[in-house]
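Biologist: Please take a close look at one strand for me. I want its partners, its two ends and its contacts in one connected account.

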Amino acid sequence: MIAVAKDEAGMRLDRWFKEHFPGLGFGHLQKLIRSGQVRVDGGRCKTDQRLGAGQTVRVPPLQYGDAAQGGASFHDGEGGAPMARPKQVASANEADYLRSLLLYEDEHVFVFNKPAGLAVQGGSGMTRHIDGMLEALRDRKGVKPRLVHRLDRETSGCLLVARSRLAAATLARTFQTRSARKIYWALVFGQPKPAQGKISSWLKRVPGPDGDMMTVAKHGEPDAQHAVTYYSIVEHSAGRLSWLTMKPTTGRTHQLRVHCQAMGHPIIGDPRYFDIENWQLPGGVQNRLHLLARRLTIPHPAGGEVIDVTAPLPPHMLQSWNLLGFEVSDKDEENPSFPED
């Protein structure tokens, strides 16, 4: 049994497992829940159940690679002795590296410019990630900074980290109430029409050739979640490629990537969701995910002010922008006013 901490109150059960056992796949978690092996306060539960402080979560023995916390129980799958899991060891070099990524910091939060290719959390066989590096930034009391949201491994840009439990709890509630404004930039295939719009759909997780994927679902399907994204074209290149600015009002896994695919304009370089056949990248455009968490605006956890941070284009996207003649100049089109702002 594991007790839910005060700063985890209101967290969804699936996100709680992602926090404690990042190597546990969503499909596997669903099976454990449906079979009754995972229980909350002794009762059956669902993946989207919200947890309360002090509740207890029953976690069954997990096989190697399914979990990543030091106190978790790992077994060889045949009832043998617990197995050790590789753990990222913090170093002074990693502390220096993280500080080189800082966009903003104060006594309550860090905002890092996460580079493309660096995972936020560990998974099966993954030993280098932001969460592990944060061990190097423990304060004098031994408190480790805590993640409060996620970015896909290949997405770059603004990543907010809390420096205390209180800040983490406050920021978690802010994200849950959708009080944070997140703006993303992407380079997509073609030219979406209309030039500004709203994508509203239901998404669910399905098995894919390279792991779980998200797909558009019907309202009422099991485990389907509602997702809403606003988008606007900043510029386009002869209708072949478009620079989009996007604002998600929900935070579903791969939401922007699936929504772009669903409207027929997948993100350039997306290894999972780019599905345009017989199409070649223009010369000089790298086959890497062109998605940037450009700007994060969020009430400060200590109150009294607003954190407003902007991340620069990563090198591969900057190369594409230069090639296509797109200029970053803080014009209105780059930061339009969306509904619900």
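Modeller: What follows is a walk along one strand and its surroundings. This is a predicted model, in which local features need pLDDT of at least 70 and side-chain atom pairs count only at pLDDT 80 or more, while totals for chains, interfaces and linings use all residues. Residues are numbered from 1 along each chain as its sequence is written, and side-chain values use heavy atoms, with hydrogens and water left out.

The strand is β15, residues 291–299. Strands here are DSSP runs of E, at least two residues long, and helices are runs of H or I, at least four long; both are numbered from the N terminus. β15 is mostly covered, with seven of its nine residues buried. Buried means under 20% relative accessible area, exposed means over 50%, and partly exposed is in between (1.4 Å probe, protein chains only).

Now the partners. Strands pair if DSSP finds at least two bridges between them. β9 (residues 156–162) runs parallel to β15, with two bridges. There, Ser156 sits opposite Leu292 of β15. β10 (residues 181–189) is antiparallel to β15 and shares six bridges with it. Ala186 is bridged to Leu291 of β15. β16 (residues 306–310) is also antiparallel to β15, through five bridges. Ile298 has Ile307 in β16 as its bridge partner. β15 and β16 make a hairpin, and six residues separate them. In that turn, Gly303 has a positive phi of about 80°.

Next, the residue His290. His290 belongs to the loop between α6 (255–262) and β15. His290 counts as buried because its relative accessibility is 0%. Its side chain makes a polar contact with the side chain of Ser320, at 2.8 Å. A polar contact is a pair of N or O atoms within 3.5 Å; within protein, one must be able to donate a hydrogen and the other to accept it, and residues adjacent in sequence count only if both atoms are side-chain atoms. A polar atom of the His290 side chain also lies 2.6 Å from the backbone oxygen of Arg288. Beyond four places in sequence, His290 is in contact (heavy atoms within 4.5 Å) with residues including Trp185, Ala186, Leu187, His316 and Trp321.

Last, Pro299, which lies in β15. Pro299 counts as partly exposed because its relative accessibility is 35%. Leaving out residues up to four places away in sequence, Pro299 touches Leu171, Thr174, Ser179, Glu305 and Val306. Thr174 is 125 residues from Pro299 in sequence, yet their C-alpha atoms are 7.7 Å apart.
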